[in-house]
Amino acid sequence: VQLQASGGGLVQAGDSLRLSCSSSGRIFSSHVMGWFRQVPGKEREFVGNIRWSNANTAYADSVKGRFTISRDKAKNTVYLQMNNLKPEDTAVYYCGEANGLSNVEREYYSWGQGTLVTVSS
């Protein structure tokens, strides 16, 4: 399975953006899809995740209330809706798949190319 994130771009503070993460194969019901982000020189940071079976979500405190994760089972696609973007949200965003609920990067795999989000002030 390969994952491909897309939808990044250059926006202004306060704008919204929706990222997509498409899977080349089927995602198992017990699995979890996660969004992470990374800025140069820093470790990849957990943004949020969604359990594929029941769409339960969890978010990092830094994005709670602004970001929403959803999924489309028929399309094997996960979305990250980002509202009220801030300059500190600037990063390369990645999606990954995990066998269970986790916010730890090493628990995820099938990382694809990320998508760059740049938020100007």
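The chain has eleven strands and zero helices. The model is predicted. From the N terminus on, the order of elements is β-β-β-β-β-β-β-β-β-β-β. A compact globule of 121 residues would have a radius of gyration near 14 Å, and the 13 Å of the chain agrees with that.

**Overall dimensions and surface**

- Along the principal axes, the C-alpha atoms of the chain fill a box of roughly 40 × 30 × 25 Å.
- Of the 121 residues in the chain, 41% are buried.
- Among contacts with a separation of 6 or more, 54% are between residues 24 or more positions apart.
- The chain has an accessible surface of about 6,200 Å², and carbon and sulfur atoms account for 45% of that surface.
- The chain carries 13 positive and 10 negative charges, and the mean positions of the two sets are 6 Å apart.

**Aromatic pairs**

- Five aromatic pairs are found in a search of the whole structure.
- One of them joins phenylalanine 36 and phenylalanine 46, with 5.5 Å centre to centre and 70° between the planes, an edge-to-face arrangement. The angle is classed this way because planes over 60 degrees apart count as edge-to-face.
- Phenylalanine 36 is in strand β4 (residues 32-38) and phenylalanine 46 is in strand β5 (residues 45-51), so this pair ties together parts that are ten residues apart in sequence.
- Both partners are buried: phenylalanine 36 has a relative accessible area of 1%, and phenylalanine 46 has 14%.
- Tyrosine 108 and tryptophan 111 form a tilted pair, because their ring centres are 6.1 Å apart and their planes are at 40°.
- Tyrosine 108 is buried at a relative accessible area of 5%, whereas tryptophan 111 is partly exposed at 26%.
- Ring pairs join Phe36, Phe46, Tyr94, Tyr108 and Trp111 into a cluster.

**Strand β5: valine 47 and arginine 51**

- Valine 47 is placed in strand β5. With a relative accessibility of 1%, valine 47 is buried.
- Leaving aside residues up to four places away in sequence, valine 47 touches Trp35, Phe36, Arg37, Ala58, Tyr59, Ala60, Val63, Phe67, Leu80 and Tyr93. Phe36 in that list is also a member of the aromatic cluster.
- Valine 47 and serine 110 are separated by 63 residues in sequence and by 17 Å in space, C-alpha to C-alpha.
- Arginine 51 is also in strand β5. Its relative accessibility is 23%, so arginine 51 counts as partly exposed, the cut-off for buried being under 20%.
- Arginine 51 touches Ser30, His31, Val32, Asn56 and Leu101, with residues up to four places away in sequence not counted.
- Arginine 51 and threonine 77 are 12 Å apart, C-alpha to C-alpha, with their positions 26 residues apart in sequence.

**Loop residues**

- Serine 30 is in the loop between β3 (17-23) and β4. At a relative accessible area of 46%, serine 30 is partly exposed.
- Apart from residues up to four places away in sequence, serine 30 touches Arg51, Asn99 and Gly100.
- Serine 30 and asparagine 54 are 24 residues apart in sequence, and their C-alpha atoms are 9.3 Å apart in space.
- Alanine 55 lies in the loop between β5 and β6 (57-59). Alanine 55 is partly exposed, with a relative accessibility of 31%.
- Serine 110 lies in the loop between β10 (108-109) and β11 (115-120).

**Backbone angles**

- Most residues other than glycine have a negative phi.
- Alanine 55 has a positive phi, near 65°, and is a residue other than glycine.
- Serine 110, likewise a residue other than glycine, has a positive phi near 60°.

Technical notes:
Residues are numbered from 1 along each chain as its sequence is written. This is a predicted model: local features need pLDDT of at least 70, side-chain atom pairs count only at pLDDT 80 or more; totals for chains, interfaces and linings use all residues. Side-chain values use heavy atoms; hydrogens and water are left out. Helices (H or I, at least four residues) and strands (E, at least two) are DSSP runs, numbered from the N terminus. The radius of gyration is taken over C-alpha atoms; the globule rule is 2.2 Å times the number of residues to the power 0.38. Buried means under 20% relative accessible area, exposed over 50%, partly exposed in between (1.4 Å probe, protein chains only). Contact means heavy atoms within 4.5 Å. Accessible areas come from the Shrake-Rupley method with a 1.4 Å probe; for residues, only the protein chains shown count as cover. Lys and Arg count as positive and Asp and Glu as negative; His and the chain ends are not counted. The place of a charge is taken as NZ of Lys, CZ of Arg, CG of Asp or CD of Glu. Rings of Phe, Tyr and Trp (its six-membered ring) pair if their centres lie within 6.5 Å; planes under 30 degrees apart count as stacked, over 60 as edge-to-face and the rest as tilted.
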